[in-house]
Structures are given as structure tokens and as C-alpha cells.
Amino acid sequence: MTIAIATADLDWVREDPKDQLLKEALDARSLRSSRVPWDADIDWSSFDAVVVSTTWDYHERIAEFLVWIDRVAATTTMWNPPELIRWNADKAYLIEMSEAGVPVIPTVATPTVGSVIDAVDIWGVDQVVIKPVVSASARGTAMFQGDDIIGISDHMASFPDAMIAQPYQPAVETTGEASLVYFNGQYSHAVRKVPTAGDFRTQTHLGGTLSPVEPAPTERAVAELVLGSIAERPLYARIDLVEGVDGPLLIELELIEPALYLPLCSGAPARFAAAIAARLRERTHC
């Protein structure tokens with residue numbers, strides 16, 4: 001079996017250890033793998049499967065990326081599958097999950113500042129977080145006072161598509177976010193992400209810190225509710241939660257190319273490789 005680990009042809013992506021750790025874990029199972037830029041001009045059908053891994057520029061080329069996933073999935077197996085990727089690429093999925101009963105931070109998706117201000121009034125909050133419906137690595141994510149019509153309007157005007165707005169969750173500054181990672185629907189590991197002082201964004205390139213953590217039972221329960229609401233079982237999923245007034249709330253469900261924090265958690269690369277091997281066996285037996 002030969003597996004393509006889809007990546008991006010960028011220096012800073014090549015420096016990340018995620019793909020190499022996965023490759024070594026696959027090697028230990030006698031599964032050959034190669035890192036391949038997702039936009040490479042190659043015959044993808046030569047691979048038995050493609051794992052979308054570090055395609056970390058996809059949000060800047062979203063139309064091209066969505067064409068690519070459909071084209072490649074027509075020739076070989078892709079994980080996660082294109083239907084999940086396409087659904088997960090637009091953050092408006094959070095609204096759908098909330099309507100399905102998942103505890104999600106209240107979310108509106110809109111191209112107009114008026115709808116954001118109306119939502120802020122309904123939520124009764126002082127601060128609101130705005131981000132593009134298609135984004136990654138905190139690109140375009142900003143916090144405003146709820147009555148800052150000019151600031152919100154100017155920010156939204158700098159992005160061509162709709163934005164999502166959510167009430168700011170103060171707990172992110174203290175307890176941060178819990179990120180729970182699942183392979184084939186099974187819990188693998190978790191980390192806690194805490195922003196640097198004076199910020200609310202937890203990404204490490206913005207000064208956030210990461211540490212392995214054992215999630216609370218309430219966090220596990222919400223994460224499994226999230227997984228149970230997805231149309232099909234993903235090969236990998238990262239579920240980001242923040243503590244709300246009444247318990248954990250979903251911030252993001254990452255099904256496309258998430259950082260999985262493999263270097264931080266013992267056995268995580270091996271569990272990822274085991275999940276891939278299990279998927280290959282399932283496919284063979286079908």
C-alpha cells in the first residue's frame with residue numbers, strides 16, 4: 001500500500017514535524033508513504049489513499065482546493081472524504097450543529113454589519129468575535145466591542161465573503177481551549193491551548209502555549225456528541241472547546257488539515273497510523 005500525505009509546498013509547512021511523525025509510524029506498519037504538495041501535477045491514482053494533512057494554504061485558494069479534492073477523490077480514496085471537507089470548509093456548519101443540539105458558541109453567518117449588531121443585542125454581550133467563514137490560523141479573526149459599528153464594518157469590508165460572529169467567551173483567557181483529537185471515532189489525546197497575555201487567540205504563532213491534558217468528563221461528553229452528529233465517521237477530527245457558563249461549548253470542529261499535536265502526546269502518531277491501517281483493511285473487505 002502506498003499513501004500520499006497531502007501537504008503544501010511552503011518552507012514553514014515542511015519544517016512542521018506532523019507529517020514526518022506520521023510517515024515514521026506508517027513505516028513501522030510497512031505502509032509506504034510520501035509527502036506530496038496538494039497542487040502537484042501528478043497522477044494521484046498511483047496512490048492507494050490520500051491523507052489530507054498539512055494543506056495549510058487551502059483557505060487562501062479555497063475554490064482551487066475544492067476542485068482538487070473532488071478531482072483526486074474520483075481517482076483514489078481520500079481521507080477525510082471530500083463531502084466532509086467541503087462541509088467543514090465553511091464555518092457556517094456551526095449553525096447547523098447548534099440546530100442539531102450540539103452545544104455551540106452562538107453563531108451567526110452574515111455579510112452585513114447590521115446582522116452582527118442585531119445578534120449582539122440578542123446575546124446581550126459587550127464583546128463580539130468576527131472571523132471569515134473560510135479561514136484558518138486565526139486569519140481575519142478579531143474582537144470588537146459590540147457597539148463598534150465602524151470597526152466591525154471596516155473589518156468585514158476587508159473580506160469578500162460572509163463572516164461569522166460569536167459572543168466573546170472570557171474563559172479563553174484563563175482556561176484557554178481544550179483540543180480533543182479522535183482517530184476513527186476513538187479518543188486519542190488532548191491538549192490545552194492558552195493565549196498569551198493580552199490576546200484571546202490561542203495559536204502558537206501568535207504566542208499561545210500548548211500542553212498535554214486529560215480532558216474533563218464534560219469535555220469528552222461534548223466531543224463525542226459532536227462526533228455523533230457528523231454525517232459519517234471521519235478518519236481524524238480535532239474538536240476545540242471552550243468553557244461556557246453552563247459547560248463546554250464547541251468553537252471549531254477541524255476535519256480538513258488540523259494540527260494534531262502529534263509530538264506532544266505519547267503514542268499519538270502510532271494511533272493515527274493504526275487508524276489509517278484499519279481504514280485500508282475496511283476498504284479491502286468491502
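This section describes the pocket, the cavity, the nonpolar cores and several local backbone features of a predicted model.

The largest pocket encloses about 1,000 Å³ of space. Its lining comprises 44 residues, of which S137, K193, Q203, R238 and Y261 are the closest to the pocket centre. Strands β6 (127-132), β8 (163-167), β12 and β13 (247-254) each contribute at least two residues to the lining of this pocket. By residue class, the lining of the largest pocket consists of 22 nonpolar, ten polar and twelve charged residues.

R238, one of the residues closest to the centre of the largest pocket, is located in strand β12, which spans residues 236-244. Its relative accessibility is 7%, under the 20% limit, and R238 is therefore classed as buried. A polar contact of 3.4 Å links the side chain of R238 to the side chain of Y261. Beyond its neighbours within four places in sequence, R238 is in contact with S179, L180, V181, K193, E252, L253, E254, P258, A259, L260 and Y261. Y261 itself is placed in the loop between β13 and α9. The residue is buried, with a relative accessible area of 11%, and although Y261 is not a glycine, its phi is positive, at about 55°.

One cavity of 30 Å³ or more is present in the structure. The volume of the largest cavity is about 50 Å³. Its lining is formed by Y58, N88, A89, K91, Y93, V133, S135, E252, L253, E254 and I256. Strand β13 provides the largest share of this lining, with three residues. The lining of the largest cavity divides into six nonpolar, two polar and three charged residues. E252, L253 and E254, which belong to the cavity lining, are also among the residues in contact with R238.

The largest nonpolar core contains 44 residues, and F65, W68, F272 and I276 touch the most other members. Two or more residues of this core come from each of β1 (2-7), α2 (18-27), β3 (49-54), α3 (62-73), β4 (77-79), β9 (177-183) and α9 (268-285). The greatest contribution to this core, seven residues, is that of α9. Apart from its neighbours within four places in sequence, F272 is in contact with L22, V51, F183, L235, Y236, L260 and L262. A second core, separate and made up of 24 residues, includes V104, Y182, A237 and L241.

Near the start of the chain numbering, T2 is part of strand β1. T2 is counted as buried because its relative accessibility, 14%, is under 20%. The side chains of T2 and R32 are joined by a polar contact of 2.8 Å. With neighbours within four places in sequence left aside, the contacts of T2 are R32, F47, D48 and A49. T2 is separated from S46 by 44 residues in sequence, and the C-alpha to C-alpha distance between T2 and S46 is 8.1 Å.

Two further backbone features occur in loops. The peptide bond between W79 and N80 is cis, with omega of about -10°. N80 lies in the loop between β4 and α4 (82-88). N184 is located in the loop between β9 and β10 (186-194). Although not a glycine, N184 has a positive phi of about 55°. With a relative accessible area of 11%, N184 is buried.

Terms used:
Residues are numbered from 1 along each chain as its sequence is written. This is a predicted model: local features need pLDDT of at least 70, side-chain atom pairs count only at pLDDT 80 or more; totals for chains, interfaces and linings use all residues. Side-chain values use heavy atoms; hydrogens and water are left out. Helices (H or I, at least four residues) and strands (E, at least two) are DSSP runs, numbered from the N terminus. Buried means under 20% relative accessible area, exposed over 50%, partly exposed in between (1.4 Å probe, protein chains only). A polar contact is a pair of N or O atoms within 3.5 Å; within protein, one must be able to donate a hydrogen and the other to accept it, and residues adjacent in sequence count only if both atoms are side-chain atoms. Contact means heavy atoms within 4.5 Å. On a 1 Å grid over the protein atoms alone, a cavity is a set of points where a 1.4 Å probe fits but cannot get out, and a pocket is an open set with protein on both sides within 12 Å along at least five of seven lines; lining residues have an atom within 4 Å of a point. Grid points are joined across faces, edges and corners, and a volume is the space filled by probe spheres set on the points. Ala, Val, Leu, Ile, Met, Phe, Trp, Tyr, Cys and Pro count as nonpolar, Asp, Glu, Lys and Arg as charged, and the others, Gly among them, as polar. A nonpolar core is a set of buried Ala, Val, Leu, Ile, Met, Phe, Trp, Tyr and Cys residues joined through side-chain atoms within 4.5 Å.
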